[in-house]
Amino acid sequence: IAANAIVSCFDWEFYGGAFDDQCAAIFEDLKDFCSRKHLSLHMTGLTRTLLGYSKSSEYPTANWFKGQDTVSLLRFLEERIEMEIPHIDAESKQYFKAMLSTVAAANSFFSCMYQAALFLKPSERDLLLDSGHTCANAYRDCAQRAFAWGITRWKFQPKLHFFGEILHPLEVQQRENRPSVNPLAWGTQADEDFVGTISTFSRMVSVRTVHERTIQKYQVGLAMRW
């Protein structure tokens with residue numbers, strides 16, 4: 001969503017100039033925003049490669065590797081697009097309103113998911129379903145409008161399909177009044193964090209007792225969080 005929205009902003013020349021110049025300009029705005037909001041940002045620049053957009057006939061796919069950068073970018077884009085909408089021509093305004101709805105709903109979804117515990121409260125599940133459906137419907141609106149204008153910006157597959165697979169079990173569990181696990185529990189970062197934590201512990205002990213002491217340290221760390 002972030003890469004799609006960024007390239008769409010470039011289409012309407014939010015920053016003006018050549019593509020690389022717009023990348024540099026929006027990245028400076030992004031850095032200022034993250035500094036002001038105390039958000040993490042791992043990328044050191046924004047390029048065609050990171051946007052996954054080598055030519056105008058392709059769909060932007062986003063190639064940055066840190067999920068936190070997506071969170072920061074979406075929060076930045078919500079503020080930036082909302083600020084720009086009053087100055088957009090009437091014909092394009094509905095397109096950017098749909099874009100803002102997509103980004104804002106994605107922010108609501110991410111915020112709830114990252115703050116929730118392993119098992120979702122009913123209110124958290126309701127919020128995820130509501131913001132998830134809003135995001136999917138607004139994304140579809142963006143895709144249809146872009147397609148009508150003949151520009152490749154918002155691709156249906158595989159993004160909406162994957163999103164649907166996240167929402168569907170939550171809907172079923174809601175109807176059957178069963179508990180729901182936070183979708184983040186199945187995220188790649190959970191595995192990465194697990195491996196990274198053990199790796200950190202293993203570097204803090206003697207090589208002669210690395211296996212036993214690493215497990216002991218992990219048990220202590222787990223007990224402190226449980």
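This is a short talk on the fold, the packing and a few individual residues of the protein chain shown above.

Let me say at the outset that we are looking at a predicted model, and that every value I quote is computed from that model.

I will begin with the overall architecture. The secondary structure of the protein chain amounts to nine helices and zero strands, so that, reading from the N terminus, the order of elements is simply α-α-α-α-α-α-α-α-α. If you take the principal axes as your frame, the C-alpha atoms fill a box of roughly 65 × 45 × 30 Å. The chain has 226 residues, and buried residues account for 38% of them. As for the surface, the accessible area comes to about 13,300 Å², with 55% of that belonging to carbon and sulfur atoms. On contacts, if we consider those between residues at least 6 apart in sequence, 64% of them join residues that are at least 24 apart.

Now to one helix in particular, α4, which covers residues 67–84. At 1.5 Å a residue, the 18 residues of this helix should span 26 Å, and because its end C-alpha atoms are indeed 26 Å apart, the expected and modelled spans agree. Which elements do the buried residues of α4 pack against? They pack against α1, α2 and α5. The buried set includes aliphatic side chains such as Val71, Leu73, Leu74, Leu77 and Ile81, but please note that Asp69, Arg80 and Glu84 are also on the list of buried residues.

From there I would like to move to helix α1, which runs over residues 2–11 and contains serine 8. Is serine 8 buried or exposed? Its relative accessible area is 0%, and since the cut-off for buried is under 20%, serine 8 counts as buried. Leaving aside residues up to four places away in sequence, serine 8 touches Tyr95, Phe96, Met99, Arg153 and Trp154. With tryptophan 154 there is also a polar contact between the two side chains, at 3.5 Å.

Tyr95, which we have just met as a neighbour of serine 8, brings me to the aromatic residues. The structure holds twelve aromatic pairs. One of them is formed by tryptophan 12 and tyrosine 95, and it is tilted, with 5.4 Å centre to centre and 45° between the planes. This pair links distant parts of the chain, given that tryptophan 12 is in the loop between α1 and α2 while tyrosine 95 is in helix α5, 83 residues apart. The two partners can also be described by their accessibility: tryptophan 12 is partly exposed, at 25%, whereas tyrosine 95 is buried, at 0%. Ring pairs join both of these residues with Phe14, Phe96 and Trp149 into a cluster.

Elsewhere, there is a contact between a charge and a ring: the charged end of arginine 48 sits over the ring of phenylalanine 19, 4.0 Å from its centre.

Let me turn to the loops, where backbone angles deserve some attention. Histidine 38, in the loop between α2 and α3, has a phi near 60°, a positive value in a residue other than glycine. Histidine 38 counts as exposed, at 73% relative accessibility. Asparagine 177, likewise not a glycine, has a positive phi of about 55°; this residue is found in the loop between α7 and α8, and at 67% relative accessibility it counts as exposed.

The loop between α7 and α8 also holds glutamate 176, which is partly exposed, with a relative accessible area of 47%. The side chain of glutamate 176 makes a polar contact of 2.7 Å with the side chain of arginine 178.

I will finish with two separations along the chain. How far apart are the C-alpha atoms of glutamate 176 and valine 210? They are separated by 47 Å, with these positions 34 residues apart along the chain counted as their spacing. For serine 54 and aspartate 20, also 34 residues apart along the chain, the C-alpha atoms are separated by 12 Å. Serine 54 itself is placed in the loop between α3 and α4, and its side chain makes a polar contact of 2.7 Å with that of glutamate 58.

How values were computed
Residues are numbered from 1 along each chain as its sequence is written. This is a predicted model: local features need pLDDT of at least 70, side-chain atom pairs count only at pLDDT 80 or more; totals for chains, interfaces and linings use all residues. Side-chain values use heavy atoms; hydrogens and water are left out. Helices (H or I, at least four residues) and strands (E, at least two) are DSSP runs, numbered from the N terminus. Buried means under 20% relative accessible area, exposed over 50%, partly exposed in between (1.4 Å probe, protein chains only). A polar contact is a pair of N or O atoms within 3.5 Å; within protein, one must be able to donate a hydrogen and the other to accept it, and residues adjacent in sequence count only if both atoms are side-chain atoms. Contact means heavy atoms within 4.5 Å. Rings of Phe, Tyr and Trp (its six-membered ring) pair if their centres lie within 6.5 Å; planes under 30 degrees apart count as stacked, over 60 as edge-to-face and the rest as tilted. A charge sits over a ring if NZ of Lys or CZ of Arg is within 6 Å of the ring centre and within 35 degrees of the ring normal. Accessible areas come from the Shrake-Rupley method with a 1.4 Å probe; for residues, only the protein chains shown count as cover. The expected span of a helix is 1.5 Å times one less than its number of residues.
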